[in-house]
Amino acid sequence: MYLIKIIIFFISLTIFSCTEKEVSNISIIKTKIDKKNVNKLYGINLNSHIIKETKIKRGDTFGKILEENGIDYPEVHNILSIIKNKVNIKKLRVGKPYTLFFNIDDISFPEFFVYHPRIEEYTIIHLKDSIYANKIIKKFRIKELETSGIINSSLYETMKSNGINESLTYSLSDVYAWNIDFFRLQKGDKFKVIYTEKFIDDSISIGIDRIKAAYFEHNKKPLYAFEFESDSIKGIVDYFDEKAKNLRRAFLKGPLKFNRISSRYNMRRRIALYGNRIKPHKGTDFAAKVGTPILATANGTIVKSSYSRANGNFVTIKHNNTYSTQYLHMRRRKAKLGQFVKQGDVIGWVGMTGYTSGPHVCYRFWKNGRQVDPFKQKLPEAKPISKKLKNKYLTYMEPYKIKLDAINFNEESMKSNIVNIENNIIKNDAP
């Protein structure tokens, strides 16, 4: 009997040892696989997390979302107090996506909250133990592209049907704002453009960067446009034709260094701020980030630098007995009453004061005491480029003109639409 017990003991020991060794080997193999095949999203290891993706609903707040997912109010308050100076999570936009990450070892409440209001940025908040928060701007690449088209109906529809980024329409209309009425284009009008566009993940566009050169044939009349910095001190960028003639007039086309029109002069515009009622919009809105410098569009004297409930901080400039301009919703005013300013001088900074739903400057334009659309006025030409600068411009412009002239309007060109000429990586704050 004793001998049998000894035999059983050794058999059991052998079995236990083999099993322990086998489990140990499996554990090592599993560890090696995990290290080699780590799958991450927003820098978070997906192998160790369960994710829940959804969108912000009306009435949702950061605190409400956390409480609905197992985090009690006292801890929510603690999290908010820690991250309040790191990220702004107070206003969550309806319809924008967010992701909750639950650790597979403890799914009672989420470990990470990730909110992505725009495709190029997201906010990540760690909710357990060492609480922290970061706003991440993704790296993007700027590609120089070229395209061409023949207009059948409108410029926008031509861009869209040819697979071109439709927002190029607005950039192109800004370049030719003083020279072509884009509401009266004709079938058969043609265009060629060399431009830059921003991409993240090498394929997702986040918008047109700028137009470097363009050719537009309207009513069989050709008009070239080449980007050129006409004032390096003030950073003013203009567009000139092949003979160095400025395409703008005595006024800048807009009050910002880089103009993006978000709402045009419209006597029958519906404004959500006023209950979606028809209310004339006698200004042109230029969207920009808060703090963007606002420029005087022409020489003149400051006749008002004040604040009102509707206009917020605003400045009015009298340019001469014919023209006056006004700039609304400033964060802060720089120009003083009675001060003489020159074209391109900073008179304030973009803000959200007064009646406005987002950061922009509302640009108003008067001619002979009547408020008008500046883009439909025949304004005096701008001051000619200096002889010294003209020679520099012509040298700079020549290779772009050669590139433009080489672009054709045949079917093959229309199908390809864009040709990647050059890539430049722009480094943003990114993980």
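This report walks through the strands and sheet pairing of the structure above.

**The chain as a whole**

Please keep in mind that this is a predicted model. The chain holds seven helices and 25 strands. Of its 431 residues, 42% are buried. The chain exposes about 25,100 Å², and carbon and sulfur atoms supply 52% of that area. What about contacts along the sequence? Among contacts with a separation of 6 or more, 62% are between residues 24 or more positions apart.

**A five-stranded open sheet**

A good place to start looking is an open sheet of five strands, in the order S3-S4-S5-S6-S7, with antiparallel pairing. Its edges are strand S3 (49-55) and strand S7 (132-137), each of which pairs on one side only. On average, neighbouring strands of this sheet are turned by 15° against each other, with direction ignored.

Within this sheet, you can follow strand S5 (residues 112-118) as it pairs with strand S6 (residues 121-126). The two are antiparallel and share five bridges. If you would like a landmark, find Val114, whose bridge partner in S6 is Ile124. As a general point, strands of a sheet pair through backbone hydrogen bonds, either parallel or antiparallel.

**Strand S23 and its partners**

Further along the chain, strand S23 (residues 360-367) is joined to strand S16 (residues 283-287). Strand S20 (residues 323-333) is also joined to S23, and so is strand S24 (residues 370-371). The table puts these pairings side by side.

| Strand pair | Sense | Bridges |
|---|---|---|
| S16 and S23 | antiparallel | five bridges |
| S20 and S23 | antiparallel | six bridges |
| S23 and S24 | antiparallel | two bridges |

Which residue of S23 stands opposite Asp285? It is Cys362. Cys362 is also the bridge partner of Leu328. Cys362 is therefore a handy residue to click on when you trace this region: Asp285 of S16 stands opposite it, and Leu328 of S20 pairs with it too.**The S23–S24 hairpin**

S23 and S24 form a hairpin with two residues between the strands. Here Lys367 has Arg370 in S24 as its bridge partner. Asn368 in this hairpin takes a positive phi near 55°.

Methods. Residues numbered from 1 in each chain as written. Predicted model: local features only at pLDDT ≥ 70, side-chain atom pairs only at ≥ 80, totals over all residues. Heavy atoms only, no water. Pairing = 2+ DSSP bridges. Helix = DSSP H or I, 4+ residues; strand = E, 2+ residues; numbered from the N terminus. Axes fitted to C-alpha atoms, helices over the stretch in contact; angles between N-to-C directions. Buried < 20%, exposed > 50% of the residue type's maximum accessible area, 1.4 Å probe, protein only. Contact = heavy atoms within 4.5 Å. Areas by Shrake-Rupley, 256 points an atom, 1.4 Å probe, with all protein chains shown as cover.
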